[in-house]
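Colleague: I have some bench questions about this protein. Can we go through them one at a time?

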Amino acid sequence: MASVKEYFSLVKFSHTVFAMPFALAGYAFALVTTESPFEWVLLVQILLCMVLARNSAMGFNRWADRRIDALNPRTAGREIPAGVISPRAALLFTVANAAGFLIVAATINRLTLLLSPVALFIIMGYSYTKRFTAWSHIVLGVALAIAPVGAYIAVAGTIAAVPMLLAGIVVTWVGGFDILYSLQDAGYDRSHGLHSVPARFSPAGAVWISLAIHLATVYAVLLLGKFAHAGTLYWAGSAVFIVLLALQHVVFLPSRTSRIAASFGLINGLSSLVYCGLMAADMVWGYGWTGLVM
């Protein structure tokens, strides 16, 4: 039987750092703008939903891609193709986490109950997009962008403009960096009939497309700060975020794909933590941060 550590490796639990800070920023924004009291129970429910949903998505992705991963030298050592975790065990793990997510979401409020199956469909459906579209990177961004919106809804029971802008930042940020990450598999994807931006447009073309998408991220970051009347801490976090975003386009190039495995997670995890951490601090101690309820 596989250990807990091996299941954590299966779902790359450390990569939770990409979306979790954005979820907490959405949560902080909801507390500040709705003047809701802090509740430990609700925070735990939100964190549980994040973890269970991500475990469902990653477990299903590894199960759905088990044959693809087995043929790719870069991924052949993953838990399912390596025989560490059986396909059946991975699927049971996915089902258990998906059920847990639906149950916890149902205990928060009516809107989280109604939207939880939709969220689950999106985050699990992503796994099949590489089979028919080169833009699966954007679908991944949409899947992670659910985090700040869902956290806001958990508190407010409705939606507002700022969480949607946060979602836009996540979509373009993740979509752009996932294109760079997929540079590692451009040749494999092309030869095996899989779709990705590097496979379709060439690695060099993919870098330019990623840059264009990340320019949209920068625009969204600036727009959010201006729209919400953010303070100094937000702009400091934004500066770090943009610098780290630019750094990726220097470090991760088609001729330097070996660097991706070593520093990809570190740079993007740090980007999310610093930007969202200072954003949340600015919301709590700063001035401004208005939100239009839709």
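Modeller: First, a term: helices here are DSSP runs of H or I with at least four residues, and strands are runs of E with at least two. Keep in mind that this is a predicted model.

Colleague: What pattern does the protein follow along the sequence?

Modeller: The protein has 13 helices. The strand count is zero. Read along the sequence, the pattern is therefore α-α-α-α-α-α-α-α-α-α-α-α-α.

Colleague: How compact is the protein for its 294 residues?

Modeller: The globule rule gives 19 Å for 294 residues. The radius of gyration of the protein is close to that value, so it is as compact as a globular protein of that length. The radius of gyration is 19 Å.

Colleague: What share of the 294 residues is buried?

Modeller: Buried means under 20% relative accessible area. Buried residues make up this share of the protein: 52%.

Colleague: Among contacts between residues at least 6 apart in sequence, what percentage join residues at least 24 apart?

Modeller: Contact means heavy atoms within 4.5 Å. Of the contacts between residues at least 6 apart, the portion that joins residues at least 24 apart is 75%.

Colleague: How much of the accessible surface belongs to carbon and sulfur atoms?

Modeller: The accessible surface comes to about 13,200 Å². Carbon and sulfur atoms account for 71%.

Colleague: How far apart are the centres of the positive and negative side chains?

Modeller: The protein has 17 positive side chains and 10 negative ones. The centres of the two sets are separated by 8 Å.

Colleague: How many disulfides are there?

Modeller: A disulfide is a covalent bond between the sulfur atoms of two cysteines. The cut-off is a pair of sulfur atoms within 2.5 Å. The closest cysteine sulfur to that of Cys49 is in Cys276, 18 Å away, so the two are too far for a bond. The count is zero.

Colleague: Is Cys276 buried or exposed?

Modeller: The limit for buried is under 20% relative accessible area. Cys276 has 2% relative accessibility, so Cys276 counts as buried.

Colleague: And Cys49, buried or exposed?

Modeller: Relative accessibility is 10% for Cys49. That value places Cys49 among the residues that count as buried.

Colleague: Which residues is Ser127 in contact with, leaving aside its neighbours within four places in sequence?

Modeller: Ser127 lies in the loop between α6 (110–125) and α7 (136–156). At 2% relative accessibility, this loop residue, Ser127, counts as buried. With those neighbours left aside, Ser127 is in contact with Ala57, Phe60, Asn61, Ala64 and Asp65.

Technical notes: Residues are numbered from 1 along each chain as its sequence is written. This is a predicted model: local features need pLDDT of at least 70, side-chain atom pairs count only at pLDDT 80 or more; totals for chains, interfaces and linings use all residues. Side-chain values use heavy atoms; hydrogens and water are left out. The radius of gyration is taken over C-alpha atoms; the globule rule is 2.2 Å times the number of residues to the power 0.38. Buried means under 20% relative accessible area, exposed over 50%, partly exposed in between (1.4 Å probe, protein chains only). Accessible areas come from the Shrake-Rupley method with a 1.4 Å probe; for residues, only the protein chains shown count as cover. Lys and Arg count as positive and Asp and Glu as negative; His and the chain ends are not counted. The place of a charge is taken as NZ of Lys, CZ of Arg, CG of Asp or CD of Glu.
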